[in-house]
Amino acid sequence: MATDKKKKRVMIAIDESECSHHALEWALDNLRESISSSSTAGATSAAPEAEEERLLTIYTAQPLTNLSYLTASSYGSASPEFIRSLQEQQQKVSLALLEQAKEMCARQGVVAETITEVGDPKETICETVDRLKVNLLIMGNHGRGAIQRAFLGSVSNYCVNNAKCPVLVVKKTG
C-alpha cells in the first residue's frame with residue numbers, strides 16, 4: 001500500500017527587525033506542534049496514507065540596493081568590484097540571519113529550511129508563497145503609523161492583501 005503524504009508548508013518571513021524576531025519566537029512558542037517536521041496526527045497504523053508532512057520555511061528577502069548614491073558620491077560610476085562587495089556583504093548578513101533563525105528553531109526541536117532571495121521583499125515573499133504552495137505565511141508587524149506606512153509602505157499589509165494563502169501577522173505587545 002503506497003503512502004500518500006500530504007505536505008503542509010508554513011513560511012515565516014523575517015528581516016533584521018525586532019518584530020520579525022518576535023514573530024519567529026511567537027510561532028515557535030504557540031505553533032510548535034503545527035510546524036514540526038512531520039506528524040502522524042489523525043493517522044492510525046491501519047491508515048498510513050493519512051500521514052502528513054509538515055515543512056517550515058524561514059524566508060528573507062535581500063532588498064534591491066539603491067546604488068545611485070554611489071555614482072553621485074564617486075563623481076561617476078562606482079566600480080563593479082565595489083558594488084559586488086556591497087552585494088556580497090548583504091548576502092552574508094542575510095545568511096547569518098537565517099542561520100540564527102534556524103538555530104532558534106533547532107533549540108525548540110523544529111527542523112526548518114531556509115531561503116533567501118534578492119528583490120522587493122513584499123513581491124518576493126508573495127511570489128515564493130505561490131511557488132512553494134505555502135499554506136500559512138507568518139510575519140511580524142513593524143508597528144508603523146499611518147504616515148510612515150504611506151511613505152514606506154507595509155510589507156505585511158501588502159502580503160495580507162496579495163499572498164495566495166492565509167497570513168498571520170504577529171504584533172509585538174507592550
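1. Leu56 and its neighbours. In this predicted model, Leu56 touches Val10, Ile12, Ile35, Cys105, Val110, Val111, Ala112 and Glu113, leaving aside residues up to four places away in sequence. Leu56 sits in strand E3. Its relative accessible area is 3%, so Leu56 is buried, the cut-off being under 20%. Arg9 is 47 residues away from Leu56 in sequence, yet their C-alpha atoms are 5.9 Å apart.

2. The largest core. Which residues have the most contacts inside the largest nonpolar core? They are Leu56 and Cys105, in a core of 20 residues. Strand E1 (6-13), helix H1 (18-35), strand E3 (52-62) and helix H3 (80-107) each supply at least two of its residues. H1 gives the most, with six. Cys105 has 0% relative accessibility and therefore counts as buried. Cys105 is also one of the residues that Leu56 touches.

3. The other core. Apart from the largest core lies another, of 14 residues. Ile115, Ile125, Val134 and Met139 are among them. Ile125 belongs to H4 and is one of the buried residues there.

4. Overall layout. The protein has six helices and six strands. Along the sequence they follow the pattern β-α-β-β-α-α-β-α-β-α-α-β. The protein has 174 residues, and 32% of them count as buried. Of the contacts with a separation of 6 or more, 75% are between residues 24 or more positions apart. Leu56 and Cys105 provide one contact across such a separation.

5. Helix H1, geometry. H1 deserves a look in the viewer. It has 18 residues, but its end C-alpha atoms are only 22 Å apart. A straight helix would reach 26 Å at 1.5 Å a residue. Where does H1 bend? The bend is at Asp29, and amounts to about 60°.

6. Helix H1, burial. The buried residues of H1 are Cys19, Ser20, Ala23, Leu24, Ala27, Leu28, Leu31 and Ile35. Of these, Ile35 is in contact with Leu56. Glu25 is also in H1. Is Glu25 buried or partly exposed? With a relative accessible area of 35%, Glu25 is partly exposed, because that value falls between the 20% and 50% limits. Glu25 and Ala101 are 76 residues apart in sequence, while their C-alpha atoms are 9.2 Å apart in space.

7. The lead-in to H1. Ser17 is in the loop between E1 and H1. At 19% relative accessibility, Ser17 still counts as buried, because the cut-off is under 20%. A polar atom of the Ser17 side chain lies 3.2 Å from the backbone nitrogen of Ser20. Ser20 is itself among the buried residues of H1.

8. Ser94 in H3. Ser94 is in helix H3. Its relative accessible area is 5%, so Ser94 is buried. Ser94 touches Thr60, Gln62 and Thr116, again leaving aside residues up to four places away in sequence. Helix H3 is also one of the elements that supply at least two residues to the largest core.

9. Helix H4. How far apart are the end C-alpha atoms of H4? They are 16 Å apart. Twelve residues at 1.5 Å a residue should span 16 Å, so the expected and modelled spans agree. Thr124, Ile125, Cys126, Thr128 and Val129 are buried in this helix.

10. Lys133, after H4. Lys133 lies in the loop between helix H4 (121-132) and strand E5 (136-140). Just after H4, its phi takes a positive value of about 55°. Lys133 is a residue other than glycine, which makes this phi worth checking by eye. Lys133 is exposed, with a relative accessible area of 65%.

11. Cysteines. How many disulfides does the structure hold? It holds zero. Why is Cys126 unpaired? The closest cysteine sulfur, in Cys159, is 3.9 Å from that of Cys126, and this is too far for a bond, because a disulfide needs the sulfurs within 2.5 Å. Cys126 is buried, with a relative accessible area of 11%.

Conventions. Residues numbered from 1 in each chain as written. Predicted model: local features only at pLDDT ≥ 70, side-chain atom pairs only at ≥ 80, totals over all residues. Heavy atoms only, no water. Buried < 20%, exposed > 50% of the residue type's maximum accessible area, 1.4 Å probe, protein only. Helix = DSSP H or I, 4+ residues; strand = E, 2+ residues; numbered from the N terminus. Core = buried A, V, L, I, M, F, W, Y, C linked by side-chain atoms within 4.5 Å. Polar contact = N/O pair within 3.5 Å; in protein donor to acceptor, adjacent residues only side chain to side chain. Expected span 1.5 Å × (residues − 1). Bend = angle between axes of the 7 residues up to and from the residue. Contact = heavy atoms within 4.5 Å.
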